[in-house]
Amino acid sequence: MKRAPVSPSFAAVILTIVAGLAATTLTPSQALGQDQPKEGRRRSTKETKPIDLTPAQVTELTKLANERKLNVDDLMAAAKTYTPSGRHDEYLLFSSGGQSGQVFVIGVPSMRLLRSISVFTPESWQGYGFAGEQDPVREELKINGKDVDWGDTHHPALSETKGDYDGQFLFIGDKANARMAVIDLRDFETKQIVKNPLTVSDHGAAFVTPDTDYVFEGGQYATVLGYGYATPEDYKKSYRGMVTFWKFDRQRGRIDTSKSFAMELPPYWQDLSDAGKLASDGLLFINSFNVEMATGGIEKGNPPFEAGASKRDTDYLHIIDWRKAEAAFKAGKAEEINGFPVLRIATSIEDGLLYFTPEPKSPHGVDVTPNGQYMVVAGKLDPHVTVYSAAKVRKAIADKKFSGADDYGIPILDFDSVKEAQVELGLGPLHTQFDDKGYAYTSLFLDSAVARWSLGGDYAKLHAEAPWTLVTKTPVQYNIGHLSAAEGDTVSPDGKYLIAMNKWSVDRFFPTGPLLPQNFQLVDIGAPGTTMPVLYDSPVGVGEPHYCQMIKADKLKPFTVYPEVGWNARTQSLDPAAPQAGKEGVVRDGSKVTVNMTTIRSHFTPEHVMLEEGDDVTWRITSLETTQDATHGFCIGGYNINLSLEPGEYTEVNFTADKAGTYPFYCTEFCSALHLEMMGYLHIKPASESRGQAPAQSPDQSPDTQAAAK
Ligand code: RUQ
Ligand code: CUA
């Protein structure tokens, strides 16, 4: 059917309406954009009616599917993941951002990226690390006086209460620099970064105890603890591994370094870890590799690390009684290394804090089942997962069922006495997650697949399969590292969804040059048995994510605006230093100048700030906004300053006004119709022009400055 041509009289009517609109004047608050969004612009909360496709709609859908070459599975996958505009996701994924040093927040099942959270890498949009020369973030990122402005984030850990995510905090480790970060989930911002004083790199981080008393940071590559020095010839004698127990103060939302301690470990390369829960509560498990203590040296004709570290058939699963370790620390049994308390190996042996048991072969992940009864170890070079029993471990310790001791005298629990099962899954098993139906899911790196297998013991009654058997495998694209099921490492997993975190994407997307994104694939694990389809591919073109955790969205209670105007996001409290409306101005004390500024759509107060070259400037800004999403930015070009001022937020900037000139500053968020006008000038008078004037005297004619100088 042809559309009727637009008639000349209709065009005339339209022109009249447009002219009428143009003649309408905006109210002042409309012009400033200060009105609340209209109800019609808000998310529709209307209930959708159940659908019943008409034959005509079925025909249309079929035609569309065929045109786009979609099969029935594709249509089903679309129906399971498509999330209409305005509808929120059921789960949130907190993903490591790998070498980007950030954390990504992604909605599930839509796989929409909601936020990146700056952690170890300054990021300008969030104003993280761009608050001038003394930005506390930059100070915290320094290591031994050096700026280390990136991190290799690996394993995020949501805070837990009784072994379940409580939605309050998120921790993440930096493998490259052995650091730990604390993120407050009220505003999704990093609040603290602590540097491990003992070691250079870590890996078994972050993992929390069931009530988040401690956040564990296990090491990776052995070194001389406390930034010491020794040659490879002295490896066995001088190099050591470690695990650090960071004490978390939930009230303050901070790691309390004064109540934290570490345990010295042999120089095996400790790998991933997991805290026991329920049946295994009080225990900590850490994998290791290179128990060969290979020191490499391919350049001298020695076997390279990869060969030397893979010679033996087994490595050691470390079993630590962390409550006993805490007691030993509190009893004053730790020695200081680089100012940090460390329980020596001898103490661990004497007090029974640490045991080993063999684990095949170059293991990677150790994952505790939801009921805490079993620990699943995946060996990269072994096609099996090995399942250990917590009850058997406790019994073997009590009965002293040892098969020997390692070079450092640490007792080795007899493998057969603690092993529950071994399940052959395929090539390159790495990590394991769990669902609510008695299944475990293990990533197979070399097979590029996710294996579903059945758990035994109390779980056997939940599924139809024989215990401890492979049920099915779903191919993923490609080279899967970690995987994450909905609440899949807690005491009560949800099943339903699983994310395969694939290292390679190869041909999955349009090639973005030789550097390709990683590929997160959403897998449907809702149905038992052998059905486990991939639903969605989501490229991640930043960093190299490792692990992620998936939490039910309704567990989070974030601020929508800061609770009070003048809120300091770092302290999470109202800041008495925050300028309030009517109290703006510039205060000078010699060459020390304080600028007190407020902002609200669409202006800064004051708009002219008069400084002198060499001034030591403290610039305080409060956003007076109370409307959700009314965020302003604040940048000064050439001074490396950019802030994000979320509604109610107060921020302080420090810099030396060492380059004279006339600097426009402006709002970097498109906040209103008059956003482009939201600016002002910073005037920095050259020192040559100020000479001969009394230092306390204000040199300019700005009303703001004059008022403040009186
Ligand atoms: S590790 S896959 Cu930290 Cu397995 Cu990366
Ligand atoms: Cu405020 Cu743009």
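A residue counts as buried when its relative accessible area is under 20%. Keep that cut-off at hand for the exercises below, which all work on a predicted model.

**Exercise 1. Decide whether Cys 635 is buried or exposed, and whether a disulfide involves this residue.**

Step 1. The relative accessible area of Cys 635 is 9%, so this residue is buried.

Step 2. Now look for a partner: the nearest cysteine sulfur belongs to Cys 667 and lies 8.7 Å away. A disulfide would need the two sulfur atoms within 2.5 Å, and Cys 635 is in none.

Step 3. Check Cys 667 too: its relative accessibility is 1%, so it is buried as well.

Step 4. Over the whole model, the disulfide count comes to 0.

**Exercise 2. Describe the surroundings of Ala 275.**

Step 1. Find the residue in the fold: Ala 275 belongs to strand β14.

Step 2. Apply the opening cut-off: with 4% relative accessibility, Ala 275 is buried.

Step 3. List its contacts, setting aside neighbours within four places in sequence: Val 208, Thr 209, Phe 216, Leu 283, Leu 284 and Val 368.

Step 4. For a link across the chain, take Asp 367, which is 92 residues from Ala 275 in sequence, while their C-alpha atoms are 8.5 Å apart.

**Exercise 3. Work out which residues and elements build the largest nonpolar core.**

Step 1. This core has 36 residues, and those touching the most other members are Phe 216, Val 243, Phe 245, Met 263, Leu 284 and Ile 320.

Step 2. Elements giving two or more residues include β11, β12, β13 and β14. The most comes from α8, with 4 residues.

Step 3. Zoom in on Ile 320: beyond four places in sequence, its contacts include Val 243, Phe 245, Met 263, Leu 284 and Leu 354.

Step 4. Do not stop there, as a second, separate core of 28 residues includes Met 597, Tyr 639, Leu 645 and Ala 660.

**Exercise 4. Characterise the shell around ligand 1.**

Step 1. Collect the residues: His 154, His 155, His 203, His 364, His 431, Gly 481, His 482, Lys 503 and His 546.

Step 2. Map them to elements: β6 (153–161) and β30 (480–486) each give two or more.

Step 3. Sort by type: 8 are polar, 1 is charged and none is nonpolar.

**Exercise 5. Judge where to read the model with care.**

Step 1. The average pLDDT is 92, and 91% of the residues score at least 70.

Step 2. Residues 1–24 stay under 50 and have 1 contact beyond four places in sequence. Residues 694–710 are also below 50, with 24 contacts beyond near neighbours in sequence.

Step 3. Where pLDDT is low, predicted coordinates should not be read in detail.

Definitions and conventions: Residues are numbered from 1 along each chain as its sequence is written. Chains are lettered from A and ligands numbered from 1 in the order in which they are written. This is a predicted model: local features need pLDDT of at least 70, side-chain atom pairs count only at pLDDT 80 or more; totals for chains, interfaces and linings use all residues. Side-chain values use heavy atoms; hydrogens and water are left out. A residue is near a molecule or strand if one of its heavy atoms lies within 4 Å of it. Ala, Val, Leu, Ile, Met, Phe, Trp, Tyr, Cys and Pro count as nonpolar, Asp, Glu, Lys and Arg as charged, and the others, Gly among them, as polar. A nonpolar core is a set of buried Ala, Val, Leu, Ile, Met, Phe, Trp, Tyr and Cys residues joined through side-chain atoms within 4.5 Å. Buried means under 20% relative accessible area, exposed over 50%, partly exposed in between (1.4 Å probe, protein chains only). Contact means heavy atoms within 4.5 Å. pLDDT is the predictor's confidence in each residue, from 0 to 100.
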